[in-house]
Amino acid sequence: MNRIGTVLGAGALLVALAACGTSDRSPEIQPAPSTAPVGQPGLTPPADAVPVAGPQLDGTALPAEFPTKVWTESGGKTLGATAQEGGCGKASAEVAEQSAEKVVLVLVETTPAKAEMCTMDIRFPTVTAELDEPLGGRKVVLRAEQRKS
């Protein structure tokens with residue numbers, strides 16, 4: 001008889017707990033979108049951007065998971081790219097070299113020199129750097145670097 005009471009009590013408890021989890025007043029939870037909305041600041045290049053791709057873009061020096069999205073703005077004098085940062089890191093871009101044949105763009109992630117608590121997320125902000133002359137047909141070579149502030 002003790003077992004039947006235990007089984008019935010456990011069953012009643014499960015029904016009560018299940019009823020507590022439902023309510024006509026609770027809002028529906030929507031799944032997060034799997035892709036970033038077009039035009040969301042920091043995730044997409046501006047509307048007037050001209051993509052740099054194919055043989056004009058060399059991203060072979062970047063880690064495999066690093067983004068390689070590059071474009072020009074302002075008539076080719078501004079070079080934009082999608083960078084990668086995480087936790088307390090802050091992304092930026094620097095032109096390391098400009099010649100008649102190529103532009104070397106360094107995507108820098110700067111993290112605090114002192115250890116501090118940070119989130120464990122990865123973000124892909126857009127960064128820009130100014131060129132002396134419009135990019136034209138020059139090759140863009142991407143590099144990544146990590147620094148401490």
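Colleague: Happy to look at this one with you! Which residues are linked in a network of salt bridges?

Modeller: Bear in mind that this is a predicted model. One pair to start from is Arg123 and Asp121, whose side chains meet in a salt bridge. Both belong to a network of salt bridges with a third member, and the set reads Glu85, Asp121 and Arg123.

Colleague: How far apart are N and O in the salt bridge of Arg123 and Asp121?

Modeller: A salt bridge here needs a side-chain nitrogen of Lys or Arg within 4 Å of a carboxyl oxygen of Asp or Glu. Arg123 is partly exposed, at 25% relative accessible area, and Asp121 is partly exposed too, at 31%. From N to O, their side chains are separated by 2.9 Å.

Colleague: How many salt bridges does a search of the whole structure find?

Modeller: Among them is the pair Glu94 and Arg147, with N to O at 2.7 Å. Another joins Glu97 to Lys102, whose closest N and O atoms are 4.0 Å apart. Over the whole structure, the number of salt bridges found is 5.

Colleague: How many residues apart are Glu94 and Arg147?

Modeller: The side chains of these two meet in a salt bridge. The pair links distant parts of the chain, with Glu94 in strand 6 (residues 90–98) and Arg147 in strand 10 (residues 139–148). Along the chain, their separation is 53 residues.

Colleague: Is Glu94 buried or exposed, or something in between?

Modeller: Buried would call for under 20% relative accessible area and exposed for over 50%. Glu94 has 33%, which means that it falls between the two cut-offs. Its class is therefore partly exposed.

Colleague: Which cysteines does a disulfide join?

Modeller: The whole structure yields 1 disulfide. Its S to S distance is 1.7 Å, under the 2.5 Å cut-off. The residues joined are Cys88 and Cys118.

Colleague: Where do Cys88 and Cys118 sit in the chain?

Modeller: Their disulfide links distant parts of the chain, 30 residues apart. Cys88 is partly exposed at 27%, and Cys118 is partly exposed at 34%. Cys88 lies in the loop between strand 5 (85–86) and strand 6, and Cys118 in the loop between strand 7 (102–111) and strand 8 (122–123).

Colleague: Is the link of Cys88 and Cys118 left-handed or right-handed?

Modeller: The handedness comes from the angle about the S-S bond, here -105°. With that value, the link of Cys88 and Cys118 is left-handed.

Colleague: Now for the sheet. What is the order of the 4 strands in the open sheet?

Modeller: The edges are strand 2 (57–58) and strand 6, each of which pairs on one side only. The pairing in the sheet is mixed. From one edge to the other, the order is 2-10-7-6.

Colleague: In what sense do strand 6 and strand 7 pair, and over how many bridges?

Modeller: The two strands form a hairpin with 3 residues between them. Ala91 stands opposite Glu109 in strand 7, while Ala93 has Leu107 as its bridge partner. The pairing is antiparallel, over 8 bridges.

Colleague: Which strand gives the most to the largest nonpolar core?

Modeller: That core has 19 residues, of which Val70, Leu79, Leu105, Leu107 and Val140 touch the most other members. At least two residues each come from strand 4 (78–82), strand 6, strand 7, strand 9 (126–130) and strand 10. The top contribution is 3 residues, and it comes from strand 7.

Colleague: Which residues does Leu105 touch, not counting those up to four places away in sequence?

Modeller: Leu105 is one of the core residues that touch the most other members. Beyond its neighbours up to four places away, the residues touched are Leu79, Ala81, Ala93, Glu94, Val95, Ala129, Val141, Leu142 and Arg143.

Colleague: Finally, confidence. Which element of the chain has the lowest mean pLDDT?

Modeller: The chain averages a pLDDT of 81, and 71% of the residues score at least 70. Strand 2 has the highest mean among the elements, at 98. Over residues 13–18 the pLDDT is below 50, and this stretch has 0 contacts beyond near neighbours in sequence. The lowest mean, 52, belongs to helix 1 (residues 2–20).

Methods. Residues are numbered from 1 along each chain as its sequence is written. This is a predicted model: local features need pLDDT of at least 70, side-chain atom pairs count only at pLDDT 80 or more; totals for chains, interfaces and linings use all residues. Side-chain values use heavy atoms; hydrogens and water are left out. Buried means under 20% relative accessible area, exposed over 50%, partly exposed in between (1.4 Å probe, protein chains only). Two strands pair if DSSP finds at least two bridges between them. pLDDT is the predictor's confidence in each residue, from 0 to 100. Contact means heavy atoms within 4.5 Å. A nonpolar core is a set of buried Ala, Val, Leu, Ile, Met, Phe, Trp, Tyr and Cys residues joined through side-chain atoms within 4.5 Å.
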